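Q: I'm new to this one and keep tripping over the vocabulary. Could you show it to me and explain what earns each label?

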Amino acid sequence: MKNILSRIGVVAARVLNQLHRDRRFVAISILFPLIIIYFIKLVFDVLAPPTFNISPYAVPYAAFIVHFITFILTAIVLVRERTAGTMAQMFVCGYQQIEIIIGYLLAYTVLATVQSLLVLLELNWLFDLGFSVAQFASMYLVMWLLAVISMAIGMLVSNFARNEGQVFPFIPLVILSVILSGIIVPVEKLPEWAQVMSYLTPLYYANEVLQELISDGSLLDNWQMFVILPIYGLIVVGLATISLREKD
Amino acid sequence: MNESASIIVQNLDKFFGKQKALKNVNLSITKGQIYGLLGPNGAGKTTLIRCLIGATKPTKGSLMMLGFNPTSQKTQVRGLIGYMPQTPALYEDLTAFENIRFFSYPHQKGNFFQRINEVIEFVGLTKRAHDQVYKFSGGMKQRVSLACALVHYPQILFLDEPTTGIDPKLRESFWQHFRDLTQQGTTILVSTHQMGEAMYCDRLAILHEGTLLADEPPRQLLWKQQAKIKLRRNNMVAEKLVSHYPDQLPKLLHKLGLDPAINRIEIEEETLESVVLKMINEHEKKLNQEGAQ
């Protein structure tokens, strides 16, 4: 167990070291969501009437942007490991699946922590949402969990792609989740088959909890939906670990 | 079963869909040997190495490495082997030292950092140890990759074309080091395109389209082939083609009665390259005939 933990630490330290040197990657990961949110603000300023309550839309949209960008960056980085041969080399050198997945997850969680915090701060500032500290902290927790789940989904998807190009067919699935999650249309108004699909997207659970928080509720008011998020994350991490293989 | 064998391969087949990468390969590699794998691109050299290191599962047949099965006992096997891939698999944004430390961490032995510095010195990168790998030439990356494979004192070393892009002086020192390692009991399996290097091996396997064409010491391979002997008698030249000339030449001279007019004997021995090419061409011809039938 001690060996596994130390190897997880070594993988995480290596990834963090690489992130530290790859300033462009870090800048894209952090600045890109902030820029998109700023554009959303510009669009809302033109289209939304002055009395329009923007919070039920702006916060979930921001969550979706974090979800999408985190997913795609993680998937591509891991596929790059495979195409460069470093993934195979890690296995040959004695690293196990769980050590690679958790090590990556830990390192990218640092990035997700900063990313989610900046996104929420920008949102609060741009849209003048006036959330309480408790509301803000709860929303941050939900968004952070969503970012971690998105990384795990990215890792899972990367296991089925042999090159970066093979990640792209999965992108529409993530974009589809914005429709299925209830952000645009309430889930009850979707066709029955689409409602079933909604339950498969993490954004649905995140949106349910975020809507509760926006309407002055707390995490405890919709705890069933909130609890599903870490469980969902654990399941995806498990699947990503099992499906991470040395390919022929 | 050979007790002193480090690697035993029996009836090994590896198919990728319809493509037969390895066909009924049988090998036994003795402990402390440098064993060469020679063959053209696509011959199955890398596939054989990947089967042995447990990176790919054989379709049929059995593999044993130091008493372990590399497919079902991967963890045990990987602590005992070092692998240098054909294309260096390194993190370009990390330094040489960081790459070596990362890849050798799971099986570290003894004074880890001292050992890393030792292998860095051996591959001649001490001055560049803390430079990022993307600044390195292809040959320097090969050297980092070799260092990664050596840190944990492996009992079996797999080297997939280890000296590509390495200058002749360093290549010479690599082979000297490989020889030193075998004297300490390390078994080395090396794939190469370079015939000159193949002569450094204790034993040589020639692979073509997944089939093992020969498994012998390189000198024996050469002797088996024909040598052209030119006997110059005054202004006349008589040519004789003989197989295994060290045995055949005395017989020939006895037959000729050692004519005092013979003033010069020239032997044109086939090179390893021509021997290998001939074997491959014969195998290709055989495959074409089988295909036509």
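A: Sure, starting with domains: their bounds come from an automatic or database domain assignment. For chain B that assignment gives domain 1 (5-217) and domain 2 (221-292), and the centres of domain 1 of chain B and domain 2 of chain B, taken over C-alpha atoms, are 35 Å apart. Keep in mind that this is a predicted model, where local features need pLDDT of at least 70, side-chain atom pairs count only at pLDDT 80 or more, and totals for chains, interfaces and linings use all residues. Residues are numbered from 1 along each chain as its sequence is written, while chains are lettered from A and ligands numbered from 1 in the order in which they are written.

Q: What makes residues of domain 1 and domain 2 of chain B count as being in contact?
A: Two residues are in contact if their C-beta atoms, placed from the backbone, lie within 7 Å. By that test, 13 residues of domain 1 of chain B meet 9 residues of domain 2 of chain B. On the domain 1 side, helix 7 (195-198), strand 8 (203-208) and strand 9 (211-216) of chain B each supply at least two residues. Strand 9 of chain B gives the largest share, 4 residues.

Q: How do you know which class the residues on that side of domain 1 of chain B belong to?
A: Ala, Val, Leu, Ile, Met, Phe, Trp, Tyr, Cys and Pro count as nonpolar, Asp, Glu, Lys and Arg as charged, and the others, Gly among them, as polar. Sorted that way, the side of domain 1 of chain B that touches domain 2 of chain B has 9 nonpolar, 2 polar and 2 charged residues.

Q: What does the contact between chain A and chain B take from each chain?
A: It takes 20 residues from chain B and 19 residues from chain A. Helix 3 (residues 96-104) of chain B brings the largest share of the chain B side, 4 residues. By class, that side divides into 12 nonpolar, 5 polar and 3 charged.

Q: Why is Leu125(B) called buried or exposed?
A: A residue is buried if 20 or more other C-beta atoms lie within 10 Å of its own, exposed if 12 or fewer, and partly exposed in between, with C-beta atoms placed from the backbone. Leu125(B) has 20 other C-beta atoms within 10 Å, so it is buried. You'll find Leu125(B) in the loop between helix 4 (112-122) and helix 5 (138-150) of chain B. Leaving out residues up to four places away in sequence, Leu125(B) touches Ala96(B), Ile120(B), Met140(B), Arg143(B) and Val144(B).

Q: What makes Asn24(B) stand out?
A: Its phi is near 45°, a positive value in a residue other than glycine. Most residues other than glycine have a negative phi. Asn24(B) sits in strand 2 of chain B, and it counts as partly exposed because it has 14 C-beta neighbours inside 10 Å.

Q: And why is Glu161(B) called buried or exposed?
A: Glu161(B) has 20 other C-beta atoms within 10 Å, so it is buried. Glu161(B) also has a positive phi, about 50°, although it is not a glycine. Its place is the loop between strand 6 (156-160) and helix 6 (168-183) of chain B.

Q: What makes strand 2 and strand 4 of chain B edge strands?
A: Two strands pair if DSSP finds at least two bridges between them, where strands are DSSP runs of E, at least two residues long, and helices are runs of H or I, at least four residues long, both numbered from the N terminus. In chain B, 3 strands form an open antiparallel sheet in the order 2-1-4. Strand 2 (19-30) and strand 4 (60-65) of chain B each pair on one side only, which makes them the edges. Strand 1 (residues 5-16) of chain B pairs with strand 2 of chain B over 8 bridges; in one of them, Ala5(B) has Thr30(B) as its partner.

Q: How do you know that strand 8 and strand 9 of chain B pair?
A: They are joined by 5 bridges and run antiparallel, against the minimum of two bridges. They belong to an open, mixed sheet of 6 strands in the order 5-6-7-3-8-9.

Q: What makes helix 9 of chain A mostly covered?
A: In helix 9 of chain A, 12 of its 13 residues are buried.
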